[in-house]
Amino acid sequence: MYDKIPPFTTVLFYSLQLQVEKKFSFFKIHGQGVELEPKNILQINENTGMLTVHGPVDYEKFTVLKVGRNLLNLHCLNYLLDLSVCVCVPLKAFHYVTICAIALQLTFQAYDGEKREIDTQLGVEILIIDANDNPPMFEPDKYEVSIEESTPQGTEFTTIKASDDDSTENNRLFDFKIISVIPDPFDLEFYLTQFKSTATVSFKGCLDHEKADSYIIKVEAKDRGEEFQLSSFATIIINIEDGNNHLPVITGQSGTGRVKEGEENVLVKRLQVTDRDTKGTSAWRAKYQIKGDENRNFKITTDPETNEGLLYVEKPLDYEESHEKHLNISVQNETPYYSCKVERRGTTGLWKVDTIGSSAIGGLIGPETLTLSTTKVTVIVEDVNDPPIFDMTNKHVTVAENTKAGHYLATFAATDPDASSASTIV
């Protein structure tokens, strides 16, 4: 008996003739398929003993291995039909063991025509043959994952899973397959690696946020049914996070570039930059570095809105020490730079790709030192009128009592640090 009827197939009502060694007037059956679940599936002709099937049985609901031992007062009956009824195996005289796989269990009763009482009672088990009535189902049927643009090829970034409730091997086993990818990938190919009921999703080539910030992948799980196959589908949404594949470029500078000596925390320059990465991300935000500032007089910060570099005098400058300060300022991003380029596609394995800034599976590692955008900045230090400075602020002088007024006591010397002034004042 088949558990369910495949689509567009005519239902066949199978029958089984129960034969016994005696002649009886009528027959009855009880149990599964009659008054027990699944109800009203089986019927018997009370006069002929003909057993007929009147509907499908769900194989997955009756999956108990049944081994029954029955003591019978008649020879064991072996039923050979498409019903695949269980086989009775004799153990010794009048003892038989009934061996079934997945079955309906019935009680067959034969009534004596004259006495109207049970003359013979027989246990009957009917094997249910599994049909391919359950498609493999994804758990869940929608996946969404975000990955960085710098993710190297061959990385397994998500795992999908499905299951099939059928019992026989071909009906239960299934295969995964990518049906479609939207939009069409450029220098990129997604693929699946299946292990039993799961599969990992990976890619070959290079991700590029500017070409596509997301992909929608439709995946099919199809079983291996012999007569027909059943399948279901799942959707995988892959979001590509923008990476740093565009270096910032300094385009100009503004501000006076002047500071008076002795001043601190004064903004002297603003540096303008452009960056083609997504605004507001760590791949876009600029990070500046100063060279040529041995005494650490300067600091530079980043304007969070404009990405400009803000150059400050952090520690006071001395005009007499230097009239000008010459600095070299370079710029890069908070996220390390990364680029990927497909060199050659292969029919097997990963592709050959050239990468810069990150290790890659199946690719090359580019030079660690990149050519950063750099500009020269000159800061002019303005002189101010500094007060003279005594060489000694205190002197100890001894004088005799009653010394006359105008008596010489000591000499004090002071120096004016301004370059334009005389160096010493007495």
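Reader: Which residue stands opposite Ser330 in strand 27?
Author: Thr374 of strand 27 is the one that stands opposite Ser330. Strands are DSSP runs of E with at least two residues, helices are runs of H or I with at least four, and both are numbered from the N terminus. Keep in mind that this is a predicted model, in which local features need pLDDT of at least 70 and side-chain atom pairs count only at pLDDT 80 or more, while totals for chains, interfaces and linings use all residues. Residues are numbered from 1 along each chain as its sequence is written, and side-chain values use heavy atoms, with hydrogens and water left out.

Reader: How do you know that strand 23 and strand 27 are joined?
Author: Two strands pair if DSSP finds at least two bridges between them. Strand 23 (residues 324-333) and strand 27 (residues 373-382) have 8 bridges and run antiparallel, so they count as a pair by that rule.

Reader: What makes strand 18 and strand 20 the edge strands?
Author: Start with their sheet: it is open, has 4 strands in the order 18-27-23-20, and its pairing is mixed. Strand 18 (258-260) and strand 20 (286-291) each pair on one side only, which is what makes them the edges. On average, neighbouring strands of this sheet are turned by 35 degrees against each other, direction ignored. For such angles, axes are lines fitted to C-alpha atoms (for helices, over the stretch in contact), and angles run from 0 to 180 degrees between N-to-C directions.

Reader: Why do Asp187 and Arg345 count as a salt bridge?
Author: The rule asks for a side-chain nitrogen of Lys or Arg within 4 Å of a carboxyl oxygen of Asp or Glu. Asp187 and Arg345 have an N to O distance of 3.0 Å, so the pair qualifies. The two residues are 158 apart along the chain: Asp187 is in the loop between strand 12 (174-182) and strand 13 (188-195), and Arg345 is in the loop between strand 24 (339-344) and strand 25 (352-356).

Reader: Why is Asp187 called partly exposed?
Author: Buried means under 20% relative accessible area, exposed means over 50%, and partly exposed is in between (1.4 Å probe, protein chains only). Asp187 has 21%, so it is partly exposed.

Reader: What joins Arg270, Asp303 and Glu308 into one network?
Author: Let's take the pairs in turn. Arg270 and Asp303 form a salt bridge at 3.2 Å, N to O. Arg270 belongs to strand 19 (residues 266-274), while Asp303 is in the loop between strand 21 (298-302) and strand 22 (309-313), 33 residues away. Glu308 also forms a salt bridge with Arg270, with the closest N and O atoms 2.7 Å apart. Glu308 lies in the loop between strand 21 and strand 22, so this pair ties parts that are 38 residues apart in sequence to each other. Salt bridges with shared partners thus give one network of Arg270, Asp303 and Glu308.

Reader: Which of the three, Arg270, Asp303 and Glu308, are buried, and which are partly exposed?
Author: Arg270 has 26% and is therefore partly exposed. Asp303, at 15%, counts as buried, and Glu308, at 13%, counts as buried too.

Reader: How many aromatic pairs does a search of the whole structure find?
Author: The search finds 5. One of them is Phe157 with Phe190, at 6.4 Å centre to centre and 80 degrees between the planes.

Reader: Why is the pair of Phe157 and Phe190 called edge-to-face?
Author: Rings of Phe, Tyr and Trp (its six-membered ring) pair if their centres lie within 6.5 Å; planes under 30 degrees apart count as stacked, over 60 as edge-to-face and the rest as tilted. With 6.4 Å and 80 degrees, Phe157 and Phe190 meet both conditions, so the name fits.

Reader: How do you know that Phe190 and Tyr215 are buried?
Author: Phe190 has a relative accessible area of 8%, so it is buried. Tyr215 is at 4%, and therefore counts as buried as well.

Reader: What makes Lys299 a charge that sits over the ring of Tyr312?
Author: The rule wants NZ of Lys or CZ of Arg within 6 Å of the ring centre and within 35 degrees of the ring normal. The charged end of Lys299 is 5.4 Å from the centre of the Tyr312 ring and sits over it. Lys204 likewise sits over the ring of Tyr191, its charged end 5.5 Å from the centre.
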